[in-house]
Amino acid sequence: MKYHLLTGILLIINLNVTQAQTSYPVPQKTGKMLFYLQRSFNKNTIIFETEILADNKLNKERPVKMYWIRYEEDSRIAELTLIQRKIFGLKCTSIDETNSSFLLINNKFSKLNIIVKESSLGYYKAYLEINNQLTELERVFIKATNNPLGIPLSFEYIEVSGISTESGKLNTERIIL
C-alpha cells in the first residue's frame, strides 16, 4: 500500500513538471537551429544555432551562436549577457580534420557532451547520448533555484529530450545534478 501511494505521488509530481514544461512556448524550428534551452525561472528561451557564413559554409571559428527569445517581453530577440554566456555558453572543439564536427561542452553541465555534425540532408544537428541511445537533441530544460535577477544559484536537474536515432521516438532523460 505504501509503495503504491509513493509511486502515485511521484507520478503526480512528474506529471506536474512535464505539464509545466509543455505550457512553455516551443520556438519555430529552422534549418540552423540545433536545440533550445528553457529554465524553470521563466519562459524566455535560449536558442543554439549554427553560425553560417555568407558563402553558406559553417563558421569554423564560432560554429554555434546563441541568443534569447524573450517570450515574456514581446518575444523579442536579445543577446545573452556576459554572465549568462558563462553559465549557459558552450565551448566548441573540432573533432575531425575537416572542422565539420564539433564537441560542445558546458562548464556547469559537464555530463552533457553534445556533438554537432552535418546530417545527410545537409543541416547540422546536435546529438547526445540519452538513456544510452544516440539522440538528436531538441530541448534542454533546467530546473534551478535563482536569485531575484534570474541568475542561477543552484541547479536541481537538467532534462534533455530529442528523437532517438535508433527508434525514431521521443527520448527524454532527467539528470540530477
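**Pocket, cavity and rings**

Colleague: How do the residues that line the largest pocket divide into nonpolar, polar and charged?

Modeller: A pocket is an open set of points on a 1 Å grid over the protein atoms alone, with protein on both sides within 12 Å along at least five of seven lines; lining residues have an atom within 4 Å of a point. Ala, Val, Leu, Ile, Met, Phe, Trp, Tyr, Cys and Pro count as nonpolar, Asp, Glu, Lys and Arg as charged, and the others, Gly among them, as polar. In this lining the residues divide into 7 nonpolar, 3 polar and 6 charged.

Colleague: What pLDDT do side-chain atom pairs need to count?

Modeller: Residues are numbered from 1 along each chain as its sequence is written, and side-chain values use heavy atoms, with hydrogens and water left out. This is a predicted model: totals for chains, interfaces and linings use all residues, local features need pLDDT of at least 70, and side-chain atom pairs count only at pLDDT 80 or more.

Colleague: Which element gives the largest share of the pocket lining?

Modeller: The largest pocket has a volume of about 290 Å³ (the space filled by probe spheres set on the points, which are joined across faces, edges and corners). Of its 16 lining residues, Met66, Arg85, Lys86, Gly89 and Leu90 are the closest to its centre. Strand 3 (64-70), helix 2 (82-88) and strand 5 each give two or more residues (helices, H or I, at least four residues, and strands, E, at least two, are DSSP runs numbered from the N terminus). The largest share, 3 residues, comes from strand 3.

Colleague: How many polar residues line the largest cavity?

Modeller: A search of the whole structure finds 1 cavity of 30 Å³ or more (a set of points where a 1.4 Å probe fits but cannot get out). About 110 Å³ of space lies in the largest cavity. Its lining has 14 residues, and Leu37, Leu90, Asn106, Phe109 and Leu112 lie nearest its centre. By class there are 13 nonpolar, no charged, and polar just 1.

Colleague: Why is the pair of Phe35 and Phe48 stacked?

Modeller: The whole structure holds 2 aromatic pairs (rings of Phe, Tyr and Trp, its six-membered ring, with centres within 6.5 Å; planes under 30 degrees apart are stacked, over 60 edge-to-face, the rest tilted). Tyr24 and Phe141 form an edge-to-face pair, 5.6 Å centre to centre and 75° between the planes. For Phe35 and Phe48, the pair is stacked because the centres are 4.5 Å apart and the planes lie at 15°.

Colleague: Are Phe35 and Phe48 buried or exposed?

Modeller: Phe35 lies in strand 1 and Phe48 in strand 2 (residues 45-50), so the pair ties together parts 13 residues apart in sequence. Buried means under 20% relative accessible area, exposed over 50%, partly exposed in between (1.4 Å probe, protein chains only). Phe35 and Phe48 are buried.

Colleague: Which ring does the charged end of Lys117 sit over?

Modeller: A charge sits over a ring if NZ of Lys or CZ of Arg is within 6 Å of the ring centre and within 35 degrees of the ring normal. Arg70 does this with Trp68, 4.6 Å from its centre. At 5.4 Å from the ring centre, Lys117 sits over Tyr127.

Colleague: What relative accessibility does Asn132 have?

Modeller: Asn132 lies in the loop between strand 8 and strand 9. Its phi is near 60°, a positive value in a residue other than glycine. Asn132 counts as exposed, because its relative accessibility is 72%.
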